[in-house]
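Q: I'm new to reading protein structures, and I'd like a close look at one part of this one. Could you take me through the open sheet and what surrounds it?

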Amino acid sequence: MSDADEALRELAENRGCKLVKSRVRTPGKGDHGRFGLKDSKTGREVFGFGKKGLTATPSEIADFLRGNAAATWKSSVGSTKRAKASAAKEKSAPKPKPEPKLVIREAKPGDAGAIAALIVALGYQVTPIDIKRRLAALAKPGEPPLVAALGALAGVLTWHVTPVLHRPRPVGRITLLVVAEGLRGNGIGAALVAEAEKRLAAAGCGLIEVTSNRKRLRAHAFYERLGYERTSYRFAKAL
């Protein structure tokens, strides 16, 4: 190499490139006197390569190495590496499990244990055996209890159609509604009530009533948000 070529080679090395010079010795033939640059680490062609050989003059090589083109090339190489690393990291990282979807369905005998736990938390003493027996009894007249499943069982509702003399149409009643303590406020109770309303309307009811203990103030506010109004007192006597 001449001194000029040697200086160009050193400049290329300082920029992370390898200088490639045409091997054609005859002036005017092929790519005689032309140069190209390759990435010194990967061997990737960076500048001065064409379909018919090398294309860059010494001054074009120098301008490339000294100017913004080299900086742009380095930046793009770095960005490509970072993008590949990021993509590999994302590919190897486990995908988060999808959030469970809320399902409203009729209760099954296998739900007895979970339903019993919900009712006990409400303050009543029941066992899974009690619940399994009562589920069958309520299902016979076509009024199966409803449950909300959010992965695990999250709530339960029971409903009843009551024919009355003083009204032209039966009265529907929601006789129990309980949602797991840690899941309240997420729309589970509202979804259960909406399904009960749909079934009571299909059964011909013209009114839906709900009874709620005086101390359950949160429950009162919940029903009022759903459009229920306080209409009467409820009296009870133990037998």
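A: Let's start with the whole chain, go through the sheet strand by strand, and then look at the side-chain pairs.

First, keep in mind that this is a predicted model. The protein chain has 239 residues, and 30% of them are buried. Its secondary structure comes to 7 helices and 10 strands. If you take the contacts between residues at least 6 apart in sequence, 49% of them join residues at least 24 apart. On the outside, the chain exposes about 16,500 Å², with carbon and sulfur atoms supplying 55% of that area.

Now for the sheet itself. Which strands make it up, and in what order? There are 5 strands, and they line up as β6-β7-β8-β9-β10 in an open sheet with mixed pairing. At the edges you'll find β6 and β10 (207–210), each of which pairs on one side only. Going from one strand to the next, the twist averages 25°.

Let's walk through some of the pairings. Strand β7 covers residues 146–150 and strand β8 covers residues 152–162, and these two pair in the antiparallel sense over 5 bridges. To spot one of the matches, find Ala149 and look across to β8, where its bridge partner is Leu153.

Move on from β8 to β9, and the pairing is again antiparallel, over 8 bridges. Here you can look for Val156, whose bridge partner in β9 is Val178.

Then comes the step from β9 to β10. In which sense do these two run? They run parallel, and 4 bridges join them. One place to check is Gly172, which stands opposite Ile208 in β10. So the sheet is called mixed because it has both kinds of neighbour: β8 and β9 are antiparallel, while β9 and β10 are parallel.

While you're at β9, think about how covered it is. Of its 9 residues, 7 are buried, so the strand is largely enclosed by the rest of the structure. There's also a helix to find here: α4 (residues 112–122) lies across β7, β8 and β9 (171–179). Compared with β8, helix α4 runs at about 80°.

As for side chains along a strand, here's a handy thing to know. In a regular strand they alternate between the two faces of the sheet.

Next, go to the edge strand β6, and look for a link to a helix. The side chains of Arg199 and Glu106 meet in a salt bridge, with 2.8 Å from N to O. Arg199 sits in helix α6 (residues 188–202) and Glu106 sits in strand β6 (residues 103–106), so this pair ties together parts that are 93 residues apart in sequence. Are the two ends buried or exposed? The answer lies in between: Arg199 is partly exposed at 22% relative accessibility, and Glu106 is partly exposed at 38%.

That salt bridge has company, too. Glu106, Glu195, Lys198 and Arg199 are joined into one network by salt bridges that share partners. In total, the structure holds 12 salt bridges. If you're wondering about the chemistry, side chains of opposite charge can pair when their charged atoms come close.

For contrast, try a salt bridge inside a single helix. Asp130 pairs with Arg133, and their closest N and O atoms are 3.4 Å apart. Both belong to helix α5 (residues 128–139), where they're 3 residues apart, or about one turn of the helix. Asp130 counts as buried, at 18% relative accessibility.

Further along the chain, Glu224 and Arg230 form another salt bridge, with the closest N and O atoms 3.0 Å apart. Glu224 is partly exposed at 42% relative accessible area, whereas Arg230 is exposed at 65%.

Finally, take a look at the aromatic rings. The count comes to 3 aromatic pairs. In one of them, the ring centres of Phe47 and Phe64 are 4.4 Å apart and the planes meet at 10°, so the pair is stacked. Phe47 is in strand β3 (residues 45–47) and Phe64 is in helix α2 (residues 58–66), 17 residues away in the chain. Phe47 is partly exposed at 26%, but Phe64 is buried at 9%.

The rings of Phe222 and Tyr223 are arranged another way: their centres are 5.1 Å apart and their planes are at 65°, so they're edge-to-face. Both of these residues are buried, and ring pairs link Phe222, Tyr223 and Tyr228 into a cluster.

Key. Residues numbered from 1 in each chain as written. Predicted model: local features only at pLDDT ≥ 70, side-chain atom pairs only at ≥ 80, totals over all residues. Heavy atoms only, no water. Phe/Tyr/Trp six-rings, centres within 6.5 Å; stacked < 30°, edge-to-face > 60°. Buried < 20%, exposed > 50% of the residue type's maximum accessible area, 1.4 Å probe, protein only. Contact = heavy atoms within 4.5 Å. Areas by Shrake-Rupley, 256 points an atom, 1.4 Å probe, with all protein chains shown as cover. Salt bridge = Lys/Arg side-chain N within 4 Å of Asp/Glu carboxyl O. Pairing = 2+ DSSP bridges. Axes fitted to C-alpha atoms, helices over the stretch in contact; angles between N-to-C directions.
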